[in-house]
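Got a few minutes and a viewer open? Here are some exercises, each with a worked solution to check yourself against.

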Amino acid sequence: MRVPLSWLREYVDLPATETGRDVQAKLISVGLEVETVEQLGDGLKGPLVVGKVLTIEELEGFKKPIRFCTVDVGQANGTGEPQEIVCGARNFAVGDKVVVVLPGAVLPGDFAIAARKTYGKTSHGMICSGDELGMGDDGSHGIIVLPPEHEVGTDAIELLQLVDEVLDIAVTPDRGYALSIRGVARETATAYGLPLRDPALLDVPQPNAFGYPVQVADPMGCDRFTARTVTGLDPDARSPLWLTRRLQKAGMRPISLAVDITNYVMLELGQPLHAYDRSRVQGPIGVRRATQGEKLTTLDGAKRTLDAEDLVITDDRGPIGLAGVMGGANTEIDDTENTTTEVVVEAAHFDALSISRTARRHKLASEASKRFERGVDPQAASAAAQRTVDLLVLLAGGTADAGVTEVIAPSAPHTITIPADHPDKVAGVEYGRETVVRRLQEVGCDVYGQDELIVTVPSWRPDLTDPNDLAEEVIRLEGYENLPSTLPKPPAGRGLTDRQRLHRRIGRALAGAGYVEAPNYPFIGEHVFDQFGLTADDPNRKVVKLVNPLSDEEPALRTTLLPGLLGALRRNDGRGSHDLALFETGLVFHPREELKIAVRLPVDRRPTDEEITSLTEALPVQPRHAAVVLAGAREQAGWWGKGRPSDWADAVEAARVLAREAGTELVVRGGQYGPWHPGRCAELAVVVEGVEQVIGYAGELHPGVLKTLGLPARTSAMELDLDVLELASSGVPKGPKISTFPVATQDVALVVDVAVPHAGVEAALREGAGELLESIRLFDVYENAAQLGEGKKSLAYALRFRAADRTLTVDEASAARDAAVSLAAELTGAVLRG
């Protein structure tokens, strides 16, 4: 919300010395996010005056049309003689009033004006456009042509209100009232302790039976609808300068007088309005839910197919507008042919949730929907309609029709019961009853009671729903900066949990292995499961859906980390980084079989164990996963030798790194799942309390998945469940005991069937070698049908033997090796090669 300081001063008598920066600091202190203060006209220096075009001479022989003009600027040039100016614009004529900047002036951007020779003529100044004066978009994209009533020589800086300060406020979703000058003025008055001149305090006539007929079929979607009619409008009337300038400063483009007035009142009071050309409305105005598949062409020219949940404005022909979002093209006020002489003004209050869903469904965010979905003051509708009627009568010469239509659904004001000391308990500060009552009254609440306060919430604050909201109002107005800083006092001896230590070790280990952490948002679209090739009954397809997602394309919480990581890999690869190794550790979310409603935890005391347990049981199951993705080179080539591309083995090794950090043995065997290549996928498992559990998969991704997702060829990935890995963990890994005795190395090459996995052979060798075996490493895999036989392969292992108390003899090492080979032969059918 852009708030011109000059407009704000109309409703709050700020000290003349207060600057925009001062107001910014005050508003920030009461909780509004004032991001910037724009200095309009900064560096602007006159003379800048109103001039009248006397003559225009067309200069020929140039690539673009050039005009040599004489302009009457009165005595502003010191001589009273016509000012000679060269100009390339075409949207003005002889007799028009224009804005002229004379030599010696400085325009925004430190653009100094001086007499200069151009196109064979000397130009003594410049005829200005809105862009050159920093006025913003007025829709004309040309020279400013002023109304004829302005006198020649008048100071245009003051006339056009070029010097001002504009506060740019980032309005949070709970403070919709701040999307209006009225709301910001109320906060400013409270911050300065000054009275507020409420622009909504207008004399409004009582509703009667003579107003334009309105029929509201859905009182839940529209609980208030005010309609007023103005006739006899001058179709040639134009918005005055003060109106267009305020719209421009607030970031809106002037369009036509009637539309500008509705936008002006919306900015002023926060109530969105709509003006219909009465001659184009057929029959009563209605409010109802759309029929599935109905069509409507909105003001932006788009033809939209309506949903049954959309709230629409109708006449006898059908929908004429999306309620609270955008009007229809068939009843708009024509700003090109200037034929509108009668308008019907709509000021209604619509359900915030309905408007928000409609705007998102049609991807049609508007100034009106932005306000309705954050909460609009329903009591301001009548005042906004009256303000609009008054301006139409004043500026367009219209006549207000005596008929006043108001359709109102009965409702009671919202009241909250709150202990007088509740804000004290929340903040840890003794405010006292008097301060609490005073601050709530400043917000606009009616407060009754002593120890137990009964608070009636003002209509413009729908965000105040419970005692904690009221406590927040007291605290923010008293100043967050005045809250004491109290450090917590944890009991001695408590630090990170074993789970936290494991997660930190895992992050450091993956970073040390060359991976870069790439955290992602936890949202996904369900189409990704089809892209991954998951079966219809796959547990990962059962997702937790958000009621109010940030994006309709990603409405669910993730059940796997891979979509986000692969998206990050694709973006980086597309931007020129082809050698990538990324990792992420984070929560995934699975719905519980039994749905429970979460309890609201108290803030004035520590929740009980039962309350915390109840809350936890209502949340989705949230295990922590770790995942990596790789593409491109794993080892770079250089003067030291050849490089190496990443492959499935690197993904498996990443899983082994995590297992080592957890101090557990990882079972790796061939597997097949979802997005992985069926012949290059490893299933990862651990043993928990004697039971083997699969915790994830690693390997190369399927070529079809790579093509669908637009990923580099041979991309590999790994994902596993850290929570189950932790259950299998033996605790913090202990440093190995280093023997002072030498190692004895024995190499063996075993011939096995091609279908026998290396993991099975290694496990048999490890078990058969006994306690003397220190380590085992596979260093060669060889396949040759001519030498080994059809369907055979050779696995070569290096076995390291060492004793803790003596030097092993050759016979002891050989005996251990033979025992290992013997058990491998028994369990896997291995034959010693050679």
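**Exercise 1. Find the largest pocket, give its volume and say which elements line it.**

Solution. Start with the volume: the largest pocket takes up about 1300 Å³. Keep in mind that you're looking at a predicted model.

Next, go to the lining. It is made up of 27 residues, and those nearest the centre of the pocket are Arg660, Glu665, Arg766, Glu774 and Ser775. Two or more lining residues come from each of helix H17 (648–662), strand S35 (667–670), helix H20 (758–769) and strand S40 (773–782).

Finally, sort the lining by class: twelve residues are nonpolar, six are polar and nine are charged.

**Exercise 2. Work out the strand order of the open sheet that contains S40, and say which strands stand at its edges.**

Solution. Begin with the pairing of S40. Its antiparallel partner is strand S41 (residues 792–801), and eight bridges join the two. For a landmark, take Ser775, whose bridge partner in S41 is Arg800. Ser775 is also one of the residues nearest the centre of the largest pocket, which ties this exercise to the previous one.

Now extend the sheet. Its four strands follow the order S40-S41-S39-S42, with antiparallel pairing. S40 and strand S42 (831–832) each have a single partner strand, so one side of each has no neighbour in the sheet and these two are the edges.

Last, see what packs on the sheet. Helix H22 (residues 810–828) lies across strand S39 (744–753), S41 and S42, and runs at about 15° to S39.

**Exercise 3. Search the whole structure for cavities of 30 Å³ or more and describe what lines them.**

Solution. The search turns up two. Take the largest cavity to begin with: it holds about 110 Å³ of space. It has 14 lining residues, and Tyr177, Ser180, Leu269, Gly270 and Asp377 are the closest to its centre. The top contributor is helix H4 (residues 181–192), with three residues. By class, the lining splits into five nonpolar, six polar and three charged residues.

Then move to the second largest cavity, at about 30 Å³. Its lining consists of Asn520, Tyr521, Phe523, Ile524, Arg558, Thr560, Leu561, Pro563 and Gly564. Strand S29 (523–524) and helix H15 (562–574) are the elements that supply two or more of these. The class count here is five nonpolar, three polar and one charged.

**Exercise 4. Decide whether Ser366 and Val393 are buried, partly exposed or exposed, and list their contacts.**

Solution. Locate Ser366 in the loop between helix H7 (352–361) and helix H8 (367–372). Its relative accessible area is 14%, and buried means under 20%, so Ser366 is buried. Skip the neighbours within four places in sequence, and Ser366 is in contact with Gly324 and Val325.

Val393 sits in helix H9 (residues 381–396). At 32% relative accessibility, Val393 counts as partly exposed. Not counting residues up to four places away in sequence, Val393 touches Val230, Gly398, Thr399 and Ala400. For a sense of scale, Val393 and Val528 are 135 residues apart in sequence and 58 Å apart in space, C-alpha to C-alpha.

**Exercise 5. Look at Asp110 and Tyr119, and report the phi and exposure of each.**

Solution. Asp110 isn't a glycine, yet its phi is positive, at about 60°. You'll find Asp110 in the loop between strand S7 (106–107) and strand S8 (111–112), and at 69% relative accessibility it counts as exposed.

Tyr119 has a positive phi too, of about 55°, and isn't a glycine either. Tyr119 lies in the loop between strand S9 (116–118) and strand S10 (121–123). With a relative accessible area of 31%, Tyr119 is partly exposed.

**Exercise 6. Which strands pair with S3, and how many bridges join each pair?**

Solution. Take S4 to begin with. Strand S4 (residues 66–72) runs antiparallel to S3, with seven bridges between them, and Val53 has Val71 in S4 as its bridge partner. The link between S3 and S4 makes a hairpin with six residues between the strands, and Gly61 in the turn has a positive phi of about 95°.

Then add strand S6 (residues 97–101), joined to strand S3 (residues 48–59) by five bridges, again antiparallel. Here Val50 stands opposite Val99 in S6.

How values were computed: Residues are numbered from 1 along each chain as its sequence is written. This is a predicted model: local features need pLDDT of at least 70, side-chain atom pairs count only at pLDDT 80 or more; totals for chains, interfaces and linings use all residues. Side-chain values use heavy atoms; hydrogens and water are left out. On a 1 Å grid over the protein atoms alone, a cavity is a set of points where a 1.4 Å probe fits but cannot get out, and a pocket is an open set with protein on both sides within 12 Å along at least five of seven lines; lining residues have an atom within 4 Å of a point. Grid points are joined across faces, edges and corners, and a volume is the space filled by probe spheres set on the points. Ala, Val, Leu, Ile, Met, Phe, Trp, Tyr, Cys and Pro count as nonpolar, Asp, Glu, Lys and Arg as charged, and the others, Gly among them, as polar. Two strands pair if DSSP finds at least two bridges between them. Contact means heavy atoms within 4.5 Å. Axes are lines fitted to C-alpha atoms, for helices over the stretch in contact, and angles run from 0 to 180 degrees between N-to-C directions. Buried means under 20% relative accessible area, exposed over 50%, partly exposed in between (1.4 Å probe, protein chains only).
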